[in-house]
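These are my notebook entries on a structure that I am examining for a reader new to it. I set down what I looked up, in the order in which I went through it.

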Amino acid sequence: MSRATIRVALPAHLRTLARLDHGDVMVEVEGRVTQRSVLDALEARYPMLCGTIRDHATQERRPFVRFFACEQDLSHESPDAPLPEAVASGKEPFFVIGAIAGG
Amino acid sequence: MSKVRVLVGTRKGAFILTADGKREKWDVSGPYFAGWPVYHLKGSPVDPNRIFASQTSDWFGQVIQRSDDGGKTWIQPGTPPGEPTTAPDGSPKGESNKFVYDTSAPTGKPLTTHQWYDGTQHPWEFKRVWHLEPSLKDPNTVYAGVEDAALFRSSDGGKSWQELSGLRGHGTGPKWQPGAGGMCLHSIVLDPSNAQRIFIAISAAGAFRTDDGGKTWKPINQGLRSQYIPDPKAEVGHCVHHIAMHASKPGVLFMQKHWDVMRTNNAGDVWTEVSGNLPTDFGFVIDIHAHEPETIYVVPIKSDGEHFPLDGKLRVYRSRTGGNEWEELSKGLPERNCYVNVLRDAMCVDSLDKCGVYFGTTGGQVYSSANAGDSWAPIVRDLPAVLSVEVQTLP
């Protein structure tokens, strides 16, 4: 099975929770590179992030969280759709963004 | 000499204020969890250096934090970074921020609906932890009151949480409705004389009591009258803002309701109004003197539409007679142009010989009185809006 190293860019609050320094997080993904497989790998590596990006019970994206990559908004794509090749190859990061809301 | 540690939750982080028993000079540390709302912090009565905190965000959800050194350092109880989140048998390991309503066949109740603001039915959805109540006996046991209203318990120091679903599934849920802050379970009172008895309050459903450790619950709202529900004397639907009990009189509880200050002498079976001569009986906080179980404190707020003190003058009111007869306490408090609110979990008392009283405001002030309310002074003036204040009296 193929294995890829994915760059994930997290918002500052989640970086603090995961006790991460500046810079993207690198996670190893086996098989297809999708939102689900990337977030599964991220949460396995940093379990304190469980529930902060996806709802614990439904595993759906939290309402005030968005997913961007390659200058596209992927928030409403299927979680099982392949991510862009540039993300799968590690060239571009997968962005987890806290939505702009309320100033 | 004894000292006090005041735990302050705010809209943008937590702060810890410490002083010796004189309570004149204060050290301020924080912000902890900067940028996140911290709805509540509370220390274990058994192990005061163990403090639980509810860190919560509309963006990133609920996080439980725990300190085992009096607030110097904090961890999220559970699985350390890099370890799998499941045990070899597939069961989840510690996941301190996982609050999932129990719908399982053996112990759970089906997810139902509650009233929405417009009277339609709305599905139950977890949003945040409003209140953490550590056990009186076991440092690893702590209760969490959540929005949408339910009661959870952890028996492993906050690593994992199980719902006591008998409350949510009690049967009157479709008549519960959110208050302005959401449909929150905000008050948890543990009976020191009976480990099986717990009182809780929900805005806006009312007060409930269990006598079997949380398996079954009954509404205890007889005597409450609320004009904002179709039947003002209904079994549930009342917007209870806070309840308080003195450990020496566990059958006596006091309540600040949306409007009305209430009292029960029989563990909630019947309530009577004790608003007496208060200038307004709307408010959020209510608390009891540490050594005088008939001395109670409230902060009157003008009205449900105007959440600030009457005449722009911040005043605490004290009754030394268990209600009805109230005296104004204003020495050291703002005399004019004060338009802050004091939220439901933002008042507490210490247990030093001269009882200290504390409260925090939405303007970021935390006031203390080292003489049971006779005079007041600000500890800090410019914190973010204060959501909760708790105090620990330490040797």
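**Entry 1: a strand and its two partners**

I began in chain B, where strand E10 (residues 142-147) and E11(B) pair in the antiparallel sense over five bridges. I note that the model is a predicted one. The connection from E10(B) to E11(B) is a hairpin of two residues. Within this pairing, I found Ala144(B) opposite Phe152(B) of E11(B).

I then looked for a further partner of E11(B) and recorded strand E12 (residues 162-163) of chain B, which pairs with E11(B) in the antiparallel sense over two bridges. Here Phe152(B) has Glu163(B) of E12(B) as its bridge partner.

Is strand E11 (residues 150-154) of chain B enclosed or open? Four of its five residues are buried, so I recorded the strand as largely enclosed by the rest of the structure.

**Entry 2: chain B as a whole**

I counted one helix and 29 strands in chain B. The C-alpha trace spans about 60 × 50 × 40 Å along its principal axes. I compared the radius of gyration of chain B, 20 Å, with the value near 21 Å for a compact globule of 395 residues, and the two agree. I also noted that 52% of the 395 residues of chain B count as buried. Of the contacts in chain B between residues at least 6 apart in sequence, 50% join residues at least 24 apart.

**Entry 3: an open sheet**

I traced an open sheet of four strands in chain B, in the order E21-E22-E23-E24, with antiparallel pairing. Strand E21 (286-288) and strand E24 (327-329) of chain B form its edges, and each pairs on one side only. On average, neighbouring strands of this sheet are turned by 30 degrees against each other, direction ignored. Inside the sheet, strand E22 (residues 296-298) and strand E23 (residues 316-319) of chain B are joined by three bridges. I identified Arg318(B) in E23(B) as the bridge partner of Tyr297(B).

**Entry 4: the nonpolar core**

Which residues touch the most other members of the largest nonpolar core? Of its 133 residues, I listed Val38(A), Val8(B), Ile200(B), Ile243(B), Tyr358(B), Val366(B) and Val389(B). Strand E14 (residues 198-203) of chain B gives the largest share, five residues. Leaving aside neighbours within four places in sequence, the contacts of Val38(A) include Ile6(A), Val29(A), Leu83(A) and Phe94(A). I add a general remark: in soluble globular proteins, nonpolar side chains tend to be buried together.

**Entry 5: backbone exceptions**

As background, most residues other than glycine have a negative phi, and most peptide bonds are trans. I looked up the departures from this pattern.

- Gly30(B) and Pro31(B) are joined by a cis peptide bond with omega about 0 degrees; Pro31(B) belongs to strand E3 (residues 27-32) of chain B.
- From Ser203(B) to Ala204(B) the peptide bond is also cis, with omega near 5 degrees; Ala204(B) lies in the loop between E14 and strand E15 (206-210) of chain B.
- Glu71(A), not a glycine, has a positive phi of about 60 degrees. Glu71(A) counts as exposed because it has 8 C-beta neighbours inside 10 Å.
- Ala372(B), not a glycine, has a positive phi of about 60 degrees. Ala372(B) is buried, with 20 other C-beta atoms within 10 Å.

**Entry 6: confidence in chain A**

I closed with chain A, whose pLDDT averages 92, with 97% of the residues scoring at least 70.

Technical notes: Residues are numbered from 1 along each chain as its sequence is written. Chains are lettered from A and ligands numbered from 1 in the order in which they are written. This is a predicted model: local features need pLDDT of at least 70, side-chain atom pairs count only at pLDDT 80 or more; totals for chains, interfaces and linings use all residues. The radius of gyration is taken over C-alpha atoms; the globule rule is 2.2 Å times the number of residues to the power 0.38. A residue is buried if 20 or more other C-beta atoms lie within 10 Å of its own, exposed if 12 or fewer, and partly exposed in between; C-beta atoms are placed from the backbone. Two residues are in contact if their C-beta atoms, placed from the backbone, lie within 7 Å. pLDDT is the predictor's confidence in each residue, from 0 to 100. A nonpolar core is a set of buried Ala, Val, Leu, Ile, Met, Phe, Trp, Tyr and Cys residues joined through C-beta atoms within 7 Å. Two strands pair if DSSP finds at least two bridges between them. Axes are lines fitted to C-alpha atoms, for helices over the stretch in contact, and angles run from 0 to 180 degrees between N-to-C directions.
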